[in-house]
Amino acid sequence: MISIIIPTVDRHTLLVKLVESIDGQDFPVENVETLVVYNSNHPKRKNIFSQNFKTNIRVLTAPAPGVNYARNTGIEAARGDILLFLDDDCVLQDKNFLTQLEKTHALHPHAAALGGSYLLKSQSSFWDQAYH
């Protein structure tokens, strides 16, 4: 099973796009779980998961502010053998991403970490380009 851990801070529109891209994967839905970890306990947090998604989604709240707390909260709750960390402003462009991740992990079972490509939007700011 792949556990996808997504830290977020109330960026609902971006988060929905990401979850839709996870739903669009050509991968058995029973072999993936999505853990959305809110990095704040914002009282106006919308329930964006009232719409139907195929993926199993669990919503968690980190015990303190900071992406590290959110990721660790996701790690503790994860049920999968493979952990995939995504930011809430990402989308999975390739519908075979999860399949390829699982295959790569099978080829390299002792690898501690695997990485993927990162594509910037054409209108990215100077700071986005410098950071990424």
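1. Partly exposed, as used in this note, refers to a relative accessible area that falls between the buried class, under 20%, and the exposed class, over 50%. R11, with a relative accessible area of 36%, is therefore partly exposed. The coordinates under discussion are those of a predicted model, and the remarks below should be read with that in mind.

2. On overall architecture, the protein chain contains 4 helices and 4 strands, and these elements follow the pattern β-α-β-β-α-β-α-α when read along the sequence. Of the 132 residues in the chain, 36% are buried, while the chain as a whole exposes about 8500 Å², with carbon and sulfur atoms supplying 51% of that area. Among contacts between residues at least 6 apart in sequence, 69% join residues at least 24 apart.

3. The largest nonpolar core comprises 21 residues, and those with the most contacts inside it are I2, I4 and F49. At least two residues of this core come from each of β1 (2–8), α1 (12–23), β2 (32–38), β4 (82–85) and α3 (97–107), and the largest share, 5 residues, is contributed by α1. Apart from this core lies another one, of 7 residues, which includes L35, V37, L60 and A62.

4. Two residues at the start of the chain deserve a closer look. Leaving aside neighbours within four places in sequence, I2 is in contact with F27, N31, V32, E33, I82, L84, L98, L101 and E102. S3, which belongs to strand β1, is buried, because its relative accessible area is 0% and the limit for that class is under 20%. With the same neighbours within four places left aside, S3 is in contact with E33, A78, R79, G80, I82, L83 and L84. Two of these partners also appear in its polar environment: the side chain of S3 makes a polar contact with the side chain of E33 at 2.4 Å, and the side chain of S3 reaches the backbone nitrogen of R79 at 3.4 Å.

5. Which residues are linked with R11 in a network of salt bridges? The network joins R11 to D88 and D89, and it belongs to a structure that holds 4 salt bridges. In the pair of D88 and R11, the closest N and O atoms are 2.4 Å apart; this pair links distant parts of the chain, with D88 in the loop between β4 and α3, R11 in the loop between β1 and α1, and 77 residues separating them. For R11 and D89 the closest N and O atoms are 3.8 Å apart, and because R11 lies in the loop between β1 and α1 and D89 in the loop between β4 and α3, the pair ties together parts that are 78 residues apart in sequence. The two acidic partners fall into separate classes of accessibility: D88 is buried, with a relative accessible area of 4%, whereas D89, at 39%, counts as partly exposed.

6. A salt bridge also joins the side chains of D87 and R71, at 3.2 Å from N to O. D87 lies in the loop between β4 and α3 and R71 in helix α2, so this pair ties together parts that are 16 residues apart in sequence. D87 is partly exposed, with a relative accessible area of 34%, and R71 is likewise partly exposed, at 28%.

7. Finally, on the surface, I75, L83 and F85 form a nonpolar patch with about 230 Å² of accessible area together. I75 is found in helix α2 (residues 67–77) and is partly exposed, with a relative accessible area of 38%.

Note on methods
Residues numbered from 1 in each chain as written. Predicted model: local features only at pLDDT ≥ 70, side-chain atom pairs only at ≥ 80, totals over all residues. Heavy atoms only, no water. Patch = residues over 30% accessible without salt bridge, like charges linked within 9 Å, V, L, I, M, F, W, Y side chains within 5 Å. Areas by Shrake-Rupley, 256 points an atom, 1.4 Å probe, with all protein chains shown as cover. Buried < 20%, exposed > 50% of the residue type's maximum accessible area, 1.4 Å probe, protein only. Contact = heavy atoms within 4.5 Å. Core = buried A, V, L, I, M, F, W, Y, C linked by side-chain atoms within 4.5 Å. Polar contact = N/O pair within 3.5 Å; in protein donor to acceptor, adjacent residues only side chain to side chain.
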